[in-house]
Amino acid sequence: MSNEVIALIVIFIFVIGATIVGMIPGMNKKMSLEEWAVGNRSFGRWLNWFIMAGEIYTAFAFLGASGWAYARGGPTFYILGYGALAYVVGYYLLPAIATVGRKHGLMTQPDLVEKLYSSKALGILTACIGIAFLMPYLQLQLTGLGLIIETCSYGQITRVPAMLIAFTMVATFVYISGLKGVAATAAIKDVVMMVAVVFFGLYLPAHYFGSVGGMFEALDAAKPGFLTLPGGTKNLDVSWVMSTLVVTSLGFYMWPHFSANSFSAKNNEVLRHNAVYLPLYQFCLLFPMLIGFTALLVLVPALKTPDMAFMAIVQQVFPGWALGLVGGAGALACMIPAADLLLSTSMLFSRNVYGRTIGQNASPATIGRLARMVVLVLTAIALALAIFVPNMLVNLLLTGYSGVTQFFPMLVLGLCWKKATKLGAYAGLIVGEILVFALILGKMDPLPFANLNLNAGFVALVANAAVFVVVSLLTYDAKLDRSAATAVNPNNFQV
């Protein structure tokens with residue numbers, strides 16, 4: 001068989017196998033809304049481990065890290081730091097979120113905001129902002145999936161059919177099995193992904209340079225200073241890295257789907273245990289970087305798309321089965337996070353937009369049916385955008401991480417500071433989001449300030465937190481103390 005056929009067979013074994021595994025939890029079983037959306041709050045250490053890790057290691061971790069190493073050099077190493085720091089935040093934050101979720105039957109991030117501030121309108125606003133940032137993130141996974149399969153099939157399957165096939169399968173197992181299906185497939189994705197990145201990350205430097213150390217010596221000789229800040233960039237220096245680490249570590253768990261994933265844990269010890277050991281996954285992010293550095297030295301001519309460095313060098317060195325392994329791992333790295341994004345976005349719309357407006361009297365069963373239908377609608381919308389207007393949401397995507405990070409003061413201070421007020425949350429969130437859009441879309445990211453280059457999201461977050469605190473202090477009324485109504489206080493953060 002030709003390399004093309006072998007690569008396709010391997011890729012589709014992974015894609016079809018993951019789909020079947022994802023469908024199993026929901027087959028021959030009618031799931032309630034709570035079981036479909038948050039796994040009936042019954043996930044133990046392993047299921048919660050994979051659902052948390054599965055949504056962290058996406059196409060960016062698989063291909064983006066090697067692409068950054070190929071094109072930018074030293075600044076790439078920030079990727080190793082932000083996850084490890086974020087798990088420290090998660091150790092304290094996620095159990096607090098889960099405690100409130102179990103007590104009040106919450107299923108989404110806007111549910112939490114609505115409960116903390118006794119404000120249906122603030123919950124709706126949070127849901128709308130969440131949907132706005134999740135849709136381009138979903139489209140990114142879809143577009144990346146098409147590129148991966150097109151490249152790894154040697155062009156035998158073009159981008160559009162690849163997206164149609166894979167995302168039809170994703171929508172199927174999300175529709176049937178919900179969060180349990182996502183968790184089951186995440187386990188497969190993580191194992192395949194780790195095998196692929198570790199093997200190629202060690203083999204390729206050894207193949208070309210004798211060892212990993214030999215590769216670094218060759219890179220330093222060919223491109224002096226490339227491995228130090230700002231590397232292959234002009235302004236991604238130490239101040240940018242420090243401010244970016246703050247934004248990404250604090251914003252790590254602010255994506256709406258992580259709240260639902262936290263609600264799935266059967267107890268707080270599950271979340272704490274996994275926060276302690278999940279940093280081990282950070283080691284896996286080093287290997288795509290080694291691949292990117294190797295590709296920079298050996299691929300001629302230079303790649304127009306740096307994110308294709310991983311696949312391009314594997315295609316150059318290995319036969320079809322190896323490229324199929326990379327393609328299968330990359331496809332799963334897009335499909336599984338996309339499944340969780342579909343699930344979360346459908347819940348935000350059906351429960352927190354429809355269910356808090358024209359559907360206020362809808363039963364949980366009705367909301368559940370609507371959420372499943374919205375999965376199919378969202379899949380169709382994302383496919384249409386990715387096929388016909390692939391760059392339409394690019395500006396919104398650029399603001400994504402910095403944008404969701406603006407939820408941090410509202411959620412964390414709402415959980416642990418009794419003087420946090422609804423008006424403070426509104427004011428801080430609005431100021432933060434306006435600054436994010438103004439700075440990033442105005443090409444002021446990073447923002448030069450007093451010989452520093454600050455991440456735009458960091459600047460917005462500081463302003464957001466300051467406005468939140470000031471407005472809350474000015475509008476706090478002891479007679480309307482939220483703690484009695486929500487049972488939320490600083491003790492939620494105790495170990």
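**Reading the surface, fold and core of a predicted chain**

Visitor: How much area does the chain expose, and what share do carbon and sulfur atoms supply?

Guide: Accessible areas come from the Shrake-Rupley method with a 1.4 Å probe, and for residues only the protein chains shown count as cover. Here about 18700 Å² is exposed, 67% of it from carbon and sulfur atoms. This is a predicted model, in which local features need pLDDT of at least 70 and side-chain atom pairs pLDDT 80 or more, while totals for chains, interfaces and linings use all residues. Residues are numbered from 1 along each chain as its sequence is written, and side-chain values use heavy atoms, without hydrogens and water.

Visitor: What does the radius of gyration say?

Guide: It is taken over C-alpha atoms, and the globule rule is 2.2 Å times the number of residues to the power 0.38. For 495 residues a compact globule would have a value near 23 Å; the chain's 22 Å agrees. The C-alpha trace spans about 70 × 60 × 45 Å along its principal axes.

Visitor: What percentage of residues is buried?

Guide: Buried means under 20% relative accessible area, exposed over 50%, partly exposed in between (1.4 Å probe, protein chains only). Of the 495 residues, 58% are buried.

Visitor: How are contacts spread along the sequence?

Guide: A contact is a pair with heavy atoms within 4.5 Å. Among contacts between residues at least 6 apart in sequence, 85% join residues at least 24 apart. Phe 62, with neighbours within four places left aside, is in contact with residues including Met 193, Pro 288 and Phe 310.
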